[in-house]
Each structure stands twice: as structure tokens, then as C-alpha cells.
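Visitor: I have not looked at this one before. Can we go through a few parts of it?
Guide: Yes, here it is.

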Amino acid sequence: MKDQEQKRLSSSKPEQEVELTPEEIVDRVKEALAKHDQSALRYEFFKNHPYDQAKIYIKLSDEERRLLYQYISARELADVYDVLDEDEQEDIIDYLEAMDDQYAANMLGEMYRDNAADILKKFSPNKIVHYMRLIPIEQAEKIKTLMDYEDETAGAIMTTEFVQIKANQTIKSAMTLVRAKAENAETIYYLYVVDDDSRLVGVLTLRDLITSDANRLVSEAMSPRVVTVSVDDNQQDVARTIQDYDFLAIPVIEATGELLGIITVDDILDVMDEEAVADYSGLAGVSVDEPYQTPVKSAQSRLPWLITLLFLGMGTSTLIGHFEDMISEVATLSLFITLITGTSGNAGTQSLAVAVRKIANPDNEESTFLQLIFRELFTGLICGLITGGTIFLIITLWQKNMVLGLVVGVAMLCAITVANLAGSIIPLLMDRLGFDPAVASGPFITTLSDLTSVLIYFSIASQFLLYLS
């Protein structure tokens with residue numbers, strides 16, 4: 001999280017300004033650009049928080065952005081790009097390609113390296129090489145190192161801009177070092193202590209640094225117990241660790257104990273949002289990138305699921321056709337097919353959501369599987385008994401047929417219980433086999449529940465056919 005110095009031009013700043021709406025601020029920036037008024041443009045743009053500057057930036061037209069580049073430096077624009085949201089970064093390729101290549105490279109070189117690496121990954125290999133040649137060699141090498149880490153790992157989301165101090169130096173010299181490096185560090189709340197081989201040996205908070213005696217050694221003031229993550233750890237595990245310990249940042253080390261970088265809480269918030277979107281999209285059976293795709297691309301991503309579910313649904317239709325004679329003999333049975341399939345599908349989706357949540361946030365990994373299965377079994381039985389009992393009373397009073405009410409009620413009990421088990425077992429099995437549990441999406445569980453509930457319903461009805469007739 002960068003501490004950006006806000007730029008203001010006193011000559012154009014009024015003593016008191018009425019608070020403007022975001023739309024009015026954008027209009028003022030556009031007006032200053034149209035008039036080529038650099039002083040007014042810089043005042044209207046830089047008086048805002050970097051996040052608001054980013055919002056203004058994306059609302060400008062291509063021509064207005066090209067004018068903006070003439071009045072603000074690549075260093076100043078880097079602060080804007082550092083706070084662009086992930087969804088706003090979808091247009092970054094177009095934004096950068098509209099810039100002068102050297103200006104774009106200078107801007108990337110001024111950004112935090114982890115953010116610059118994320119942006120460069122969006123480009124083709126040839127374009128990446130082109131920009132890397134224009135970025136200063138030392139900075140380009142550090143950015144490339146971050147790009148080489150596998151996606152969704154600690155290495156891929158860490159930053160190498162942090163403050164590390166030596167265990168054998170004094171608090172006074174450490175304070176001097178912090179003052180020198182603070183401007184370019186993402187956070188200075190935690191100071192990581194390393195030995196002569198760059199191995200992490202302790203941590204010192206900024207509060208400890210300020211309150212400790214100036215002549216005291218860092219090794220005496222630091223805490224030797226440091227919670228770390230490995231460079232190859234999955235980003236979900238890193239997010240869970242930061243959440244559990246309420247950290248603002250966590251160090252990333254390799255197998256030898258060498259400190260490679262840190263992961264800050266703002267990056268973890270992005271990870272948590274990304275994982276939540278992925279889980280929600282998985283439950284709906286759609287791609288996480290679909291909001292940014294063309295209708296043709298969206299259709300291509302949805303069709304495999306729809307076709308698969310179509311064939312599974314045909315199995316349900318075939319099953320109903322198998323009981324066609326029974327339905328023709330007792331036509332009333334057809335009234336409750338959708339009632340049972342719909343309710344069991346809803347129950348299965350609820351169980352699926354709980355299972356995916358449990359997988360994402362395990363309390364006790366050794367007992368998660370059995371505990372969740374038994375929990376969902378008993379939950380299904382309770383829900384099934386109450387729902388089945390309710391529909392039994394309704395049908396008995398409505399149709400004046402206790403046997404029909406009993407058939408539908410028992411079928412509802414069994415269908416909900418089976419759907420609950422399927423909704424929990426399938427994603428757990430997929431997780432154990434190394435597949436993404438979100439693949440067991442809501443539409444799949446719902447269609448599977450339709451198939452099983454129809455089989456249960458007519459199997460029970462066939463046992464009471466004599467009384468129903």
C-alpha cells in the first residue's frame with residue numbers, strides 16, 4: 001500500500017471549494033484537457049485520492065488519455081495503475097498500447113514489481129520482451145523473477161519491495177535504513193530481520209523500533225518466532241494464514257529459509273475476492289471471465305455444461321417415460337414430479353454450498369470428510385421429515401388421499417436426504433482427487449437430484465400402486 005504524496009498547485013487552489021460529485025470532477029478534468037490547461041488539469045486530477053484518480057482515468061476517452069500523458073509523468077501514472085482493480089485491468093492492454101512504448105515502460109518500471117508483473121502477464125510474449133528491453137535492467141530482472149512463479153502461488157502474489165534489517169545492527173542504524181527505504185516499500189509496519197546469508201531470523205514491528213533504545217541490538221529487540229509461508233504455497237492457504245493471524249503482511253521464504261518477499265493484506269483481499277468469484281461462478285457453471293467476454297465467447301464457455309446437462313436431463317425424461325403406464329393409470333402422480341425434483345435440487349445446492357465453504361475453510365482437515373457427511377445426512381433427514389410431513393398433510397387434505405400423501409411425503413424425505421449427501425460427497429471426492437470442487441456446480445447437482453428424485457418417487461409409488469388406483 002503506497003504512501004503517495006499528493007501534488008497540489010497552490011496558484012490554482014481556491015481557499016474553499018464546494019464538494020463535487022464524481023461526475024463533476026471528471027467533467028472538470030475533461031474540461032481542463034480540452035483547454036490544454038496543464039495547471040488546472042494537475043490540480044483537478046491530483047487533489048483526489050489515487051483510487052479516485054484511477055476512476056477518473058478509466059472514464060476518459062482514448063484521445064483524452066493521450067493528452068493526459070503529456071501533462072503527468074510516468075512516475076505519477078504508476079501510482080494510478082497500482083490501485084486499478086482487477087476488473088478494470090481488463091482494458092489495460094488497450095491503454096498501454098495507446099501510449100508511447102518508452103512512456104509505458106517507464107510507468108511499468110515505476111510501479112510496484114508485483115503489480116507490474118501482473119500487468120505484463122496480460123501481454124503476448126513478444127510484447128513482454130519488448131517492454132522488458134525498455135525497462136531498466138535491474139528492475140526488469142526483478143519483475144521477470146516474479147513472473148516466473150506459478151500462478152496462484154505465494155511467489156506469484158508477493159512483492160519484493162520491503163524493508164529487511166540485519167540482526168547484528170543497532171536500533172539506531174536500523175531506523176536510518178528504514179528512513180532511506182520507506183518511500184519505496186509497500187509497508188514498513190513489519191521489519192524483517194535476516195542474518196548474513198539473508199535467512200529470516202526474526203521480525204520487528206515499527207512500534208518496537210520506535211520505542212526501543214537506540215543503542216540496543218536488533219537481535220535483542222526482535223521476536224524470533226515468525227509465521228511464514230513458502231514461495232510455492234497456494235494463495236488460498238496464504239490468505240487463510242493471514243486471516244487467522246490478523247497480519248498486515250507475511251514473509252515468503254524458500255526451502256533454505258532465505259527471505260524472498262512479502263505478501264501484504266491488500267493483495268490477500270484481492271485473492272479472497274478472486275476465490276469468492278471463482279466459487280460463485282463454479283456453483284453457477286460459468287467462467288469467471290464471462291462478464292468481460294463477447295456473447296460468442298460466453299456461449300462457447302456455457303455450451304459444454306449445457307450439453308452435458310442436456311444428456312443428463314434426457315436420462316430423467318427417459319426414466320419418466322419408463323413409468324408412463326403408471327402415470328397413465330394414476331395421472332395424479334404427475335402433479336408432484338416437479339415439486340419433488342425442485343425441492344431436492346434446492347436441497348442439493350444448499351449442501352453443495354456448505355461443502356465448498358467447508359473445503360475452502362477447513363477447521364480440522366483430518367475429520368472434515370466424515371464430519372461433513374454425517375452432518376449433511378442428519379440435516380437432510382431433519383429437513384426431509386419436516387418437508388415430507390408438511391406435504392403429506394397438504395396432499396391428504398387437498399386430494400383426500402392419505403396414501404398419495406404418504407407416497408409423496410416419503411419420496412420427499414428420501415429425495416432430500418439423497419440430494420444432501422450428493423451435494424456434500426461429490427465436491428469432497430473431487431477435492432480429494434485433486435480436482436476443483438467448484439466443478440460440481442449447482443446445475444450439475446440440481447440435474448442429478450432430478451434424476452435420483454424421479455427414480456425414488458416412482459419406485460415408492462409402484463409399491464402402493466394398488467391403493468393409489
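Visitor: Which residues of E5 are buried on one side, and which on the other?
Guide: A word beforehand: this is a predicted model. On one side of E5 the buried residues are Ala249, Pro251 and Ile253, and on the other they are Ile250 and Val252, so both faces are covered. In total, five of the five residues in E5 are buried.

Visitor: What sheet is the strand in, and in what order do the strands come?
Guide: An open sheet of three strands, in the order E4-E5-E6, with mixed pairing. Strand E4 (229-230) and strand E6 (259-264) are at the edges; each has a single partner strand, so one side of each has no neighbour in the sheet.

Visitor: Mixed how? Start with E4 and E5: parallel or antiparallel?
Guide: Parallel, with two bridges between E4 and strand E5, residues 249-253. Valine 229, for example, has valine 252 in E5 as its bridge partner.

Visitor: And what packs on the sheet?
Guide: Helix H15, residues 235-245, which touches E4, E5 and E6. The direction of H15 makes about 135° with that of E5.

Visitor: Back to the pairing. How many bridges join E5 to E6?
Guide: Five, and those two strands run antiparallel. One of the pairs is proline 251 with isoleucine 262 in E6. E5 and E6 form a hairpin with five residues between the strands, and glycine 257 there has a positive phi near 95°.

Visitor: New topic. Where is serine 453?
Guide: Serine 453 is in helix H22, which covers residues 442-463.

Visitor: Buried or exposed?
Guide: Buried: the relative accessibility of serine 453 is 0%, and the cut-off for buried is under 20%.

Visitor: What does the side chain of serine 453 reach?
Guide: The backbone oxygen of serine 449, at 2.7 Å. A polar atom of the same side chain also lies 3.1 Å from the backbone oxygen of aspartate 450.

Visitor: What is serine 453 in contact with, beyond its neighbours in sequence?
Guide: Leaving aside neighbours within four places in sequence, serine 453 is in contact with Ile340, Thr341, Ser344 and Ala415.

Visitor: Last thing, disulfides. How many does a search of the whole structure find?
Guide: Zero. A disulfide would be a covalent bond between the sulfur atoms of two cysteines.

Visitor: Then how does cysteine 383 count, by accessibility?
Guide: Cysteine 383 counts as partly exposed, because its relative accessibility is 35%. Cysteine 414, at 30%, is also counted as partly exposed.

Conventions
Residues numbered from 1 in each chain as written. Predicted model: local features only at pLDDT ≥ 70, side-chain atom pairs only at ≥ 80, totals over all residues. Heavy atoms only, no water. Disulfide = S-S within 2.5 Å. Buried < 20%, exposed > 50% of the residue type's maximum accessible area, 1.4 Å probe, protein only. Pairing = 2+ DSSP bridges. Helix = DSSP H or I, 4+ residues; strand = E, 2+ residues; numbered from the N terminus. Contact = heavy atoms within 4.5 Å. Axes fitted to C-alpha atoms, helices over the stretch in contact; angles between N-to-C directions. Polar contact = N/O pair within 3.5 Å; in protein donor to acceptor, adjacent residues only side chain to side chain.
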